[in-house]
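Ready for a few exercises? Have a go at each task yourself, then read through the solution below it.

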Amino acid sequence: MAQEVKKIPAVQMLDGVLSDGTAPPAGHIPDRQPSPHRLPPQELTTDEATLPYPRSPRTPRKTSRPATLSKRNAEAMKQQIGEQFETMQQALQKEEQAAVDWVEQDHRAASSRLNRVLKDWTQHLSQVQKNIACAKRALEQAGTEGTQEYTGDLSCQKKEDAAQEGIKLNEGRFQRLLKTLRNISKDLQAQLQRKNFLLDSTAVRIDRLASNRHIAVGRDCRLMYFTGEPQAAPELPLQFDKVCCALSSVGMATGRHYWEVDVGCCSAWAVGAAYGCIKRKGAEKGAKLGRNRHSWCLEQRDGRLSAWHNDHHLACQVRGHRPLRKVGVLLDYQKGRLAFYDARTMKLLQEFSAVLTSVFDRVHHQFMEPVFPAFRFFKPDSGQLGPDHMEICDLHL
């Protein structure tokens with residue numbers, strides 16, 4: 001039989017104690033009525049539930065997440081660069097240790113050979129001293145006679161030891177090692193310098209609409225051929241009609257840019273840069289690279305290498321007198337600098353910059369217009385077997 005529970009009105013109970021001060025009976029269930037000490041519940045909106053304490057619009061909450069991500073990315077880049085250089089340093093240290101070990105080994109072998117040679121010469125010296133002593137005694141015995149001659153063997157000749165020749169040969173090998181290390185050092189320095197330029201490498205493409213009709217442009221717009229017969233195409237307003245020149249499709253008006261041109265299969269050429277306002281019609285100097293104020297170029301013609309600007313030129317030389325096969329061009333637009341390099345050795349061939357160059361009869365301060373990479377073919381030698389062609393190198397890593 002269920003126990004009957006007495007229901008006491010909520011007004012007689014406050015905080016679990018009846019109004020008369022007694023505790024409620026067991027099983028007591030109070031009425032669900034609002035207490036005078038409690039506020040009625042209010043409905044919360046989504047914004048209030050998310051932001052219980054309203055923020056002032058003048059003090060928005062700031063976040064450092066982008067800065068944190070940027071810092072992490074920078075640290076990751078530094079770590080990756082450090083790992084690459086550490087790998088190269090380990091390779092260099094390994095080669096250095098191998099070279100030092102070889103020198104130490106050769107030194108020990110040479111010392112051993114020298115000790116043997118010294119021992120032989122010591123024995124030979126002892127024999128010579130014995131012969132001298134015998135000669136002295138013979139002379140003393142014949143001192144009173146005067147006319148008697150000593151007929152003993154006083155020869156002290158000694159054959160050349162093969163060990164001495166071996167030492168000389170190892171000296172030559174050491175000199176060859178030093179020469180090889182010097183060449184490797186030069187190549188390494190050149191590659192490190194080229195690495196800095198490659199960070200600013202730019203994809204250069206030939207503008208077909210501006211190329212002379214004697215220039216055939218490849219599909220990728222990087223390869224150019226000189227053709228004896230003009231191509232069957234209508235003349236265009238921006239096309240070079242008389243001078244065999246070509247320009248890139250996009251000009252450069254800011255930043256640093258580097259590109260390389262393979263000229264190894266071209267007998268006479270010019271590589272440079274020009275403003276877009278360069279003349280396109282006629283064969284006057286205004287349409288030729290380096291013969292006006294609007295263009296600069298490095299030119300090889302009749303076996304001579306020279307740099308041209310404003311119809312003035314300077315002779316250039318390639319290290320080792322080898323034919324130039326690849327030209328590197330560095331353009332720094334903000335600094336007004338245009339430089340030409342031997343891309344194999346990274347030797348600076350000629351630089352046009354914000355300095356007074358008396359030979360070019362002008363002060364070149366800065367670039368005033370977008371600069372376009374420019375190219376020119378000269379008439380090839382009659383005895384050349386294949387057609388002249390130049391190619392813009394793909395430097396994308």
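**Exercise 1.** Which residue in β10 is the bridge partner of W308?

Keep in mind that you're looking at a predicted model. Start with the two strands: β9 covers residues 304-309, and four bridges join β9 to β10. The two run antiparallel. Now go to W308 and look across to β10, where its bridge partner turns out to be H313.

**Exercise 2.** Find the order of the strands in the six-strand sheet that holds β10, and work out which strands stand at its edges.

Step one is the order: β5-β16-β7-β8-β9-β10, an open sheet with antiparallel pairing. Step two is the edges. β5 (245-247) and β10 (312-315) each have a single partner strand, so one side of each has no neighbour in the sheet. As a last step, check the angles: ignoring direction, neighbouring strands here are turned by 20° against each other on average.

**Exercise 3.** Do the same for the open sheet of seven strands, then find the residue opposite Y225.

Begin with the order again, which is β3-β4-β17-β6-β11-β12-β13, and the pairing is antiparallel. Next come the edges: β3 (215-217) and β13 (347-352) stand there with a single partner strand each, so each has one side left without a neighbour in the sheet. The average turn between neighbouring strands of this sheet, direction ignored, is 20°.

Now zoom in on one pair. β4 (residues 223-226) and β17 (residues 389-392) pair in the antiparallel sense over three bridges. Follow Y225 across to β17 and you land on H389.

**Exercise 4.** Classify two aromatic pairs, F226 with F377 and F340 with F352, and say for each residue whether it is buried or exposed.

The model has seven aromatic pairs in total. Take F226 and F377: their ring centres are 6.1 Å apart and their planes are at 40°, which makes the pair tilted. Where do these two sit? F226 is in strand β4 and F377 is in strand β16 (residues 371-377), so the pair links parts of the chain that are 151 residues apart. For burial, the cut-off you need is under 20% relative accessible area. F226 comes in at 19%, so it is buried, and F377, at 4%, counts as buried too.

On to F340 and F352. Their ring centres lie 6.3 Å apart with the planes at 90°, so this pair is edge-to-face. F340 lies in strand β12 (residues 337-342) and F352 in strand β13, so the pair ties together parts that are twelve residues apart in sequence. Both F340 and F352 are buried.

While you're looking at rings, pick out one aromatic cluster as well: Y275, W296, Y333 and F367.

**Exercise 5.** Describe the second largest pocket: how much space lies in it, and what lines it?

First, the volume: the second largest pocket holds about 400 Å³ of space. Second, the lining: there are 15 residues, and L92, E95, E96, A99 and L181 are the closest to the pocket's centre. Third, ask where the lining comes from. α2 (65-141) and α3 (162-198) each supply at least two lining residues, and α2 gives the most, with eight. Finally, sort the lining by class, which gives eleven nonpolar, one polar and three charged residues.

Key. Residues are numbered from 1 along each chain as its sequence is written. This is a predicted model: local features need pLDDT of at least 70, side-chain atom pairs count only at pLDDT 80 or more; totals for chains, interfaces and linings use all residues. Side-chain values use heavy atoms; hydrogens and water are left out. Two strands pair if DSSP finds at least two bridges between them. Axes are lines fitted to C-alpha atoms, for helices over the stretch in contact, and angles run from 0 to 180 degrees between N-to-C directions. On a 1 Å grid over the protein atoms alone, a cavity is a set of points where a 1.4 Å probe fits but cannot get out, and a pocket is an open set with protein on both sides within 12 Å along at least five of seven lines; lining residues have an atom within 4 Å of a point. Grid points are joined across faces, edges and corners, and a volume is the space filled by probe spheres set on the points. Ala, Val, Leu, Ile, Met, Phe, Trp, Tyr, Cys and Pro count as nonpolar, Asp, Glu, Lys and Arg as charged, and the others, Gly among them, as polar. Rings of Phe, Tyr and Trp (its six-membered ring) pair if their centres lie within 6.5 Å; planes under 30 degrees apart count as stacked, over 60 as edge-to-face and the rest as tilted. Buried means under 20% relative accessible area, exposed over 50%, partly exposed in between (1.4 Å probe, protein chains only).
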